[in-house]
Each structure stands twice: as C-alpha cells, then as structure tokens.
Amino acid sequence: MTMGSEITVRPATAADVEQIWLLGATLFTWPSDQWYREQAMTLFPPEDAIVAVDGDRVVGHTKARTMTLTVPGERTVEATGIAGVTVAPQYRRRGILRAMYTEQHRRTEAAGLPLTIFTASQGAIYGRFGYGPTLRESRVSIDRRFAEFLPTAPDPGGVQLAALPEAAEAIKAIYDRFRQVTPGVQHRPEASWATRFADPEGWRSGGTGLFVLLHADGYVLYRYHHRDSGTEVEVVEMRTVTADAHVALWRTLFGLELVTRIEAVLSEHDPLPYLLTDLRLVRTEARYDGLWLRLMDVPAALTAREYRADLDVVLAVHDPFRGAGGTFALTARDGKAECVPTSAAADFELGIDVLGSLYLGAYPARVFAAANRLRVKDSGQLEALEYAFTADRDAVLGWHF
Ligand SMILES: CC(C)(COP(=O)(O)OP(=O)(O)OC[C@H]1O[C@@H](n2cnc3c(N)ncnc32)[C@H](O)[C@@H]1OP(=O)(O)O)[C@@H](O)C(=O)NCCC(=O)NCCS
C-alpha cells in the first residue's frame, strides 16, 4: 500500500527487526537485552508485523497475534491482539497509523476473526477506528498500618509463602482457571510467562524482584520498594478464582508488618474495601481502561458471547471507518443469541466503539445514553439492554501486551 510521497505500508521481514526495535526502544523504552527481545519476537513474530517505510527506513510499525479471549458466559473467542503501535516522531500526523490499521483490519477480516483488542497508551486516538475501552480498573493505595478486617470478614487461611520458580506451574494453572471464568482475560502464551517470571530489571522501578503468595485458588506476585517513608509493597499481579482466596491473600498481605503502604490495581467491583472497617483506606490513585475492543463482524461478535437476560432489540450500529455497521436484530434466549441484519426500525442507535465498550459488560449502557452516544427510542428498553449485557464477573486484562 503506497501512501503518497515515498511512504509505503508493507509486511515486515526479518531484515526490519533492528529498525523496528530501535523504534520501539525509542518510543516505548523496550529493553535492549537479547533474551527479552527473543521472547517479544516469540510472542509477536516479526513476519506477522506491518511496517511503514520511507525508502529503506522503518518509520511505523504494528504487530499482532491471534489471542483466545474469554467473553461473558465463559465462552472464548479468537481475536486479533495488536501491540507495538509506533510512528516515528518526525512522521506523525501524515496518516501512517490510519494506513497500518487499515491493513491490520484487512488481515483480521481475511482471517475471519470477529474482534480486535489492544491496550491503549492514549485515550483520544482509537474511537475513530471503532474501538471503545472495555474494562474499568483503579490503582489503589492502602495504608496497611490502619487496615483492619471487619469481624464478619472470612478468615479462610490456606496461604503459603512460595518461591519462584517452584511456584510457576501452580501460578500458571490458577491463571488458566481464572481465565476461563473472567471476561477480557486472554489465554497466556509461554513467552508471556517467561518474561513475567524473568521480571526484567527495567520493569521494577527500583523495587526488588518478585515474591509469591500462593493459595489453592489464587496467587499474588509482588515486590518491595524501600522508600524514605518506609517499605512499600507493589502488587504486580493478583488472580483469584474464589472469594476465599481473595480474602486469604489480602489478609496475608496486610500481615506484612514492616510494610507501610500497599499499591494494587483492583477491578471495578473488587470487594476489598467492603471487607475492611474503613473502606476509605483503599484510596483510588488512578483509573484505567486497560483493554480496548472493536467488533470486526457485528453478528459474529454478538453471538459469540452470552447474555444475562432475554433480549429482543434492533441496534443501528455506525462504523464510519470500516463500514461493518448496519441495522441488526439481536435476540437472546436463555443466554444464547441470534443476530441478523434487518430492515426493522432501530430501538438503539450507537457507534461501533460504544458497542465495543458494552461488549464485556463493564460499562453500563446508561452512561453512553446520558452522553448522547447511545440513542434510545424507548427509555424502558435501556435498562433491559444494560442488564442483558452485564457479566457475572468484572472484565479484567489477563496479560499486558
Ligand atoms: C499515536 C501514533 C501511533 C499516531 O500515529 P500517526 O501516524 O501520527 O497517526 P495518523 O496520522 O494516522 O492519525 C490518524 C488520526 O488519529 C489522530 N491522532 C493521531 N494521534 C493522536 C493523538 N495522540 N491524540 C489524538 N488524536 C490522534 C489524527 O489526528 C488523525 O485524525 P483524523 O482521523 O481526524 O485524520 C503516534 O503518534 C505514536 O507513535 N505515538 C507514540 C506511541 C504511541 O502512543 N503509540 C500508541 C500505542 S497504543
């Protein structure tokens, strides 16, 4: 694909790797060590990447792999996961990203995958390409010294201190059980585990290596930061399949008596604040939208997930970037859905980016209605749509890519 001037978008080759890495290191501070680079290339083989070149200079790059994503109803869907989106600073705002995404979408369509996902570095770029943020998380900071559990909070125990790598297989198995029941979580390839466990120095922000707490149904990976104000714990990854594992692991973290503060990322409805005598101790420092999602094929995507309640609605979906929109009748019975194009009048009108935000059940439909991004013919139907799209568990990003 030629974009005018001398800039061309084409498949990457092994010969582009050095320049791709220079771009990624410059814009995302990708570590330079050879081992890390090999893991990254195992995760995202360079021959599946796309580059924009100006003559023989690589000036833009995206990479992708097929991921198995859990969606509401404990179903899985094959999705394209895009990463490493970069355009050289001196080539910005000339349409290079747009051209690379057009090619990426063409490939996804050719592969017949109904969804595309990624993690976004900025919030204002991807709505125009049909993506919406699809989960909600908060980074919280807790003064451990004052954290006390309510008398009603369970105390199931069952946590062990464990060392990596002895705990590695147990951690992977728990992650996989968590994945199967949690929307948004992707199957995790071995190379992602390898880099997580290797814990490159550049990921530590001056903290220690990883420590492990293990429960039969959950785990925590965390590190210490020794600061002037005291020793702090950063929870790097916590996955729990059961409520008992969740409370048992938090009780153990709060038992680290030499620690002043604990920092962690919690999903929207994490019960931690409600286990404590003072819920304000779980102080929100930042909010994240962790994973972005686009429906590539509306009927295929909407029938790939289950619904919490029966539903009969007609959706008019706008997709100016790819033209995958249209008017669709969505019917759900006992969780299972049918979705077909229709000429019937629409009950709801919305952008495909908004449908992406509703897809994993984390964003309520009413907030988009209030923002005039979801237009409703009969306001009585809004509640039904919102409830049907919600999920039993908060959507979570499984592994960062
Ligand atoms: C973000 C980035 C990839 C954009 O590349 P680009 O080639 O300049 O983008 P394009 O020229 O194709 O722009 C496409 C559209 O997005 C808009 N856009 C691009 N970057 C934007 C930004 N940072 N904020 C808001 N809008 C942006 C453009 O204005 C253009 O809008 P239009 O549809 O109205 O024409 C590039 O600036 C970059 O590499 N940034 C640093 C790394 C990064 O953030 N990558 C994203 C990782 S998720």
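## Ligand surroundings, domain contact and a few local oddities

Start with the ligand: 20 residues surround it, and Val 87, Arg 93, Gly 95, Arg 98 and Ser 121 come nearest. To count as near, a residue needs a heavy atom within 4 Å of the molecule. Keep in mind that this is a predicted model, where local features need pLDDT of at least 70 and side-chain atom pairs count only at pLDDT 80 or more, while totals for chains, interfaces and linings use all residues. Residues are numbered from 1 along each chain as its sequence is written, and side-chain values use heavy atoms, with hydrogens and water left out.

Backbone atoms also show up around the ligand. Here are three polar contacts, that is, pairs of N or O atoms within 3.5 Å (within protein, one must be able to donate a hydrogen and the other to accept it, and residues adjacent in sequence count only if both atoms are side-chain atoms).

| Backbone partner | Ligand atom | Distance |
|---|---|---|
| Val 85, N or O atom | nitrogen | 2.8 Å |
| Arg 93, polar atom | oxygen | 2.7 Å |
| Arg 94, polar atom | oxygen | 3.3 Å |

Now the layout. The chain splits into domain 1 (7-113), domain 2 (137-287) and domain 3 (298-351 + 362-389), with bounds that come from an automatic or database domain assignment. Between domain 1 and domain 2, the C-alpha centres are 31 Å apart. Domain 1 puts 14 residues into the contact and domain 2 puts in 17, contact meaning heavy atoms within 4.5 Å.

How much area is buried between domain 1 and domain 2? It's about 1,200 Å², and carbon and sulfur atoms give 69% of that. Buried area here is the accessible area (1.4 Å probe) that two parts lose on being put together, summed over both. The rule finds zero salt bridges across this interface, but it does find four residue pairs in polar contact, both residues at pLDDT 80 or more. On the domain 1 side, α2 (34-43) and β3 (57-71) are the elements giving two or more residues, and β3 gives the most, with six. Helices (H or I, at least four residues) and strands (E, at least two) are DSSP runs, numbered from the N terminus.

Side chains of opposite charge can pair when their charged atoms come close. The structure as a whole holds 33 salt bridges, each a side-chain nitrogen of Lys or Arg within 4 Å of a carboxyl oxygen of Asp or Glu. One to look at is Glu 306 with Arg 75, whose closest N and O atoms are 3.3 Å apart. That pair links distant parts of the chain, 231 residues apart: Glu 306 is in the loop between α8 (298-304) and β15 (311-318), and Arg 75 is in strand β4 (residues 75-87).

Two backbone details round things off. The peptide bond from Leu 164 to Pro 165 is cis, with omega near 5°, and Pro 165 sits in the loop between β8 (160-162) and α4 (168-181). Thr 29 isn't a glycine, yet has a positive phi of about 50°; you'll find Thr 29 in the loop between α1 (17-28) and α2.
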